[in-house]
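Biologist: I would like to learn how to read salt bridges and cavities in a model. Please show me the structure, and then we can go through the features in turn.

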Amino acid sequence: MAKSLMIQGTMSNAGKSLLTAGLCRIFHQDGYRVAPFKSQNMALNSFITREGLEMGRAQVMQAEAACCEPSVRMNPILLKPTNDVGSQVIVNGEVRGNMSARDYFRYKKQLIPDILAAYDSLARENDIIVIEGAGSPAEINLKADDIVNMGMAKMAKAPVLLVGDIDRGGVFAQLLGTILLLEEDEKRLVRGMIINKFRGDKTILDPGIVMLEERSGGIPVVGVAPYMHIDVEDEDSLSERLENRTMQGQIDIAVLRLPRIANFTDFNRLESVEDVTVRYVQRVSELRNPDLILLPGTKNTMKDLLWLRQSGLEAAVLKAARAGTPVFGICGGYQMLGETLADPEGVEEGGTLRGLGLLPMDTVFAGEKTRTRVEGRVAAPGGPLAGLSGCPVEGYEIHMGVSTWRETGQALNTLTDGVTGISKEDGGWSGNVYGTYVHGFFDTPEIVRALLGSLASRKGMKVEELGMMDYEAYKQQQYDILADELRKHLDMEKIYEIVNAGTEGFL
């Protein structure tokens, strides 16, 4: 069975996901079979495995760092918020149902067998499991039924490294306060502390580190990690990339930042091109005159469509489309572009809603979720993005609706379903408006080159002028940089000592 190490934080966004990825990379580089694990993740960025099962993208990113195939076992419980007080509950990749926060709180301990089965299965196949916690282990109102922080550490018999975020201030209070709020048996599991996101001269911290170690009862600080500008996939609403509203490149792409935006990682490859700006806009004044407007996925298409209407962005998008600006929707954004959205079973909001009317199609929501990987080719669209014709498509579908076109012969893609093996048409186009259900559509280099080539030619430019790169090689380089930086600033000898000792004598 694998040894384990758990990364917990003093708060959300302390850097747990990135540190977990970096440690996965280090252990892999050192010759170990390693896998990430997070018992429960709340996220709208999700991924479909080869088996057609749904998991959080943070664990996919960590699996990529560990150079292993993403498995739903790495994230047995995924919560996808549907509103401010409820979520869709996904267990081992399949929808278990929608629950309010209160109902889920009462229910979640029933999921412990699912968590343990997933963890034990991974542990039998690997040498080290790096476990990520969620939020803070010191949420005293949640500790009794915890399954993701100290509760998970006890189930996995995992020593814990506690991470504090110095960039947000008060890091000594974060770390010491967290430890003081733990039960005695929980404190014994904390075998080290990490001060994360530091900028400056570390010697300034040394007196505080000595005091922190003394007052924590001798728990060592095993590293002071710098603030790192590493370009890997982000967690949902905490992503800094969503704050980008400034045009800097020759090609300007505007993504509508919907309140319940999902899978904005669909646009990471576009962002990696040197002379392309991808901006996330929430107001009409921010839209300006982009070269392309993207409507992303969303966890609640109807509610976000109403927001689009009420914010004035719907009118702005329609005006831009009439002026010839290419508009492209993915998944929920694709559904919005149609004539009508109907929800007879109350999957989202119930009732019927008028769409943007830019594509001649109608969407009906149903209770069964489509979850599958797909591959195929772009058909033969016309309009300003006709250059996409024939490009290979590979990605995945996650959606609750079925869209029916009022006209024939305008499908965007011809695909093969990875679960059933059946060929099918997907998406469509009309004039300068396009849409698809395929997440990851913009991940294939051929599509990125064709898309940006089409946009560049409209401005009298060539795609070669934009600074294209080998994105897969770039991502691997980022993981290596992350590992190199952590090796410089963490005491890896001490961390290996903690991993090898486990929790013997502490549990």
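Biologist: Is lysine 459 buried, partly exposed or exposed, and what is its relative accessibility?

Modeller: First, note that this is a predicted model. Accessibility is read against two cut-offs: buried is under 20% relative accessible area and exposed is over 50%, with partly exposed in between. Lysine 459 has 38% relative accessibility, so the residue counts as partly exposed.

Biologist: Which residue does the side chain of lysine 459 meet in a salt bridge?

Modeller: A salt bridge is read from the distance between a side-chain nitrogen of Lys or Arg and a carboxyl oxygen of Asp or Glu, with a limit of 4 Å. Here the partner is aspartate 291, at 3.3 Å from N to O. Aspartate 291 is in the loop between α10 and β16, and lysine 459 is in the loop between α14 and α15, 168 residues apart. At 15% relative accessibility, aspartate 291 counts as buried.

Biologist: How many salt bridges does the rule give in total?

Modeller: The count is 36. Another of them pairs arginine 33 with aspartate 127, at 3.1 Å from N to O. That pair links distant parts of the chain, 94 residues apart: arginine 33 sits in the loop between α1 and β2, and aspartate 127 in the loop between α4 and β9. Arginine 33 is partly exposed at 46%, and aspartate 127 is partly exposed at 28%.

Biologist: What does the salt bridge of arginine 354 and glutamate 314 tie together?

Modeller: Arginine 354 lies in strand β20 and glutamate 314 in helix α12, so the pair ties together parts that are 40 residues apart in sequence. The closest N and O atoms are 3.6 Å apart. Arginine 354 counts as exposed at 52% relative accessibility, while glutamate 314 is buried at 7%.

Biologist: Which residues are joined into one network by salt bridges that share partners?

Modeller: Glu64, Arg269, Glu472 and Lys475 form that network.

Biologist: Now the cavities. How many of 30 Å³ or more does a search of the whole structure find?

Modeller: A cavity is a place where a probe fits but cannot get out. The search finds two, and the largest has a volume of about 70 Å³. Its lining has 11 residues, and the closest to the centre are Asp231, Val232, Glu233, Tyr471 and Lys475.

Biologist: Which element gives the most to that lining, and what is the make-up by class?

Modeller: Helix α15 gives the most, with four residues. By class, the lining has four nonpolar, two polar and five charged residues.

Note on methods. Residues are numbered from 1 along each chain as its sequence is written. This is a predicted model: local features need pLDDT of at least 70, side-chain atom pairs count only at pLDDT 80 or more; totals for chains, interfaces and linings use all residues. Side-chain values use heavy atoms; hydrogens and water are left out. On a 1 Å grid over the protein atoms alone, a cavity is a set of points where a 1.4 Å probe fits but cannot get out, and a pocket is an open set with protein on both sides within 12 Å along at least five of seven lines; lining residues have an atom within 4 Å of a point. Grid points are joined across faces, edges and corners, and a volume is the space filled by probe spheres set on the points. Helices (H or I, at least four residues) and strands (E, at least two) are DSSP runs, numbered from the N terminus. Ala, Val, Leu, Ile, Met, Phe, Trp, Tyr, Cys and Pro count as nonpolar, Asp, Glu, Lys and Arg as charged, and the others, Gly among them, as polar. Buried means under 20% relative accessible area, exposed over 50%, partly exposed in between (1.4 Å probe, protein chains only).
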